[in-house]
Amino acid sequence: MSEISDNSGGNKQISAVEVVFMGVAALVAAPTIPIAILYIYLMLKTNRKENWVLYPSIAVLVILCTKIGAFFTETAHIAGTLVKGLINGHFAISAYGQYSISSWVILGALSLAVASYAVKRIRYNRNREEAGIKTLERQYWKHERRACYAQMC
């Protein structure tokens, strides 16, 4: 009565285009990554609600939606500068100076929204895992008690 899991559903491999896109996205978001990691750590350590940051971040993105076009233009220019610099063998940190104030606010809000969503998923997965462990413990103890009663009879 064993169950066999079939994980052959769909193509789940990462393509080279996705790897390049994620690499460029990481380069562009590099100034905000340490802040996002610190935020994730503090939220998980203190058990604070991440919705207090997620919803205002989304609100800031909605308010600045008219500046998104300029943000993408500046981001593309910065990404090009950073990739050229990496190809030449140096990391041009001065490329981030091309962002305007509104683009910095959008980048910060976007990184905090993604970090809040990551905290939400980590907590959800942790709760599911704990529930699964508790269920398995109950089943273990139930079967152990049955075996104990069977030996006593």
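Does N47 count as buried or exposed, and at what relative accessibility? In this predicted model, N47 counts as exposed because its relative accessibility is 57%, above the 50% cut-off. The legends below begin with the whole chain and end with the residue N47.

**Figure 1. Overview of the predicted chain, which has 5 helices and 0 strands.** From the N terminus on, the order of the elements is α-α-α-α-α. The chain has 153 residues, and 23% of them count as buried. Its accessible surface amounts to about 11700 Å², with 66% belonging to carbon and sulfur atoms. Among contacts in the chain with a separation of 6 or more, 80% are accounted for by residues 24 or more positions apart.

**Figure 2. Close-up of the largest pocket, with a volume of about 460 Å³.** The lining of this pocket consists of 19 residues. Those that lie nearest the centre of the pocket are A25, A26, A29, L107 and L110. Helix 1 (16-28), helix 2, helix 4 (68-88) and helix 5 each give two or more residues to the lining. The largest share comes from helix 1, which provides 6 residues.

**Figure 3. Close-up of helix 2, which spans residues 33-46.** The helix contains 14 residues. From its first C-alpha to its last it reaches 20 Å, close to the 20 Å expected at 1.5 Å a residue. Three of its residues, A36, Y39 and M43, are buried. They lie on the same side of helix 2, because they cover an arc of only 60° around the axis. A general property of the α-helix is relevant here: there are 3.6 residues a turn, so residues three or four places apart point the same way. The face turned away from the buried side of helix 2 carries P34, I37 and K45, which are exposed.

**Figure 4. Close-up of Y39, a residue of helix 2.** Y39 counts as buried because its relative accessibility is 10%, under the 20% cut-off. With neighbours within four places in sequence left aside, Y39 is in contact with E50, V53, L112, A115 and S116. Y39 and V119 are 80 residues apart along the chain, and their C-alpha atoms are separated by 9.1 Å.

**Figure 5. Close-up of R123, a residue of helix 5 (residues 101-152).** Is R123 buried or exposed? R123 counts as buried, because its relative accessibility is 16%. When neighbours within four places in sequence are left aside, the contacts of R123 are M43, L44, N47, R48, K49 and E50. One of these contacts, M43, is also among the buried residues of helix 2. Another of them, E50, is in contact with Y39 as well.

**Figure 6. Close-up of N47, the residue that follows helix 2.** N47 is placed in the loop between helix 2 and helix 3 (51-63). Its phi is near 55°, a positive value in a residue other than glycine. As a general rule, most residues other than glycine have a negative phi. N47 counts as exposed, because its relative accessibility is 57%. N47 is nevertheless in contact with R123, a residue that counts as buried.

Terms used
Residues are numbered from 1 along each chain as its sequence is written. This is a predicted model: local features need pLDDT of at least 70, side-chain atom pairs count only at pLDDT 80 or more; totals for chains, interfaces and linings use all residues. Side-chain values use heavy atoms; hydrogens and water are left out. Helices (H or I, at least four residues) and strands (E, at least two) are DSSP runs, numbered from the N terminus. The expected span of a helix is 1.5 Å times one less than its number of residues. Buried means under 20% relative accessible area, exposed over 50%, partly exposed in between (1.4 Å probe, protein chains only). The arc is that of the directions from the helix axis to the C-beta atoms. Contact means heavy atoms within 4.5 Å. Accessible areas come from the Shrake-Rupley method with a 1.4 Å probe; for residues, only the protein chains shown count as cover. On a 1 Å grid over the protein atoms alone, a cavity is a set of points where a 1.4 Å probe fits but cannot get out, and a pocket is an open set with protein on both sides within 12 Å along at least five of seven lines; lining residues have an atom within 4 Å of a point. Grid points are joined across faces, edges and corners, and a volume is the space filled by probe spheres set on the points.
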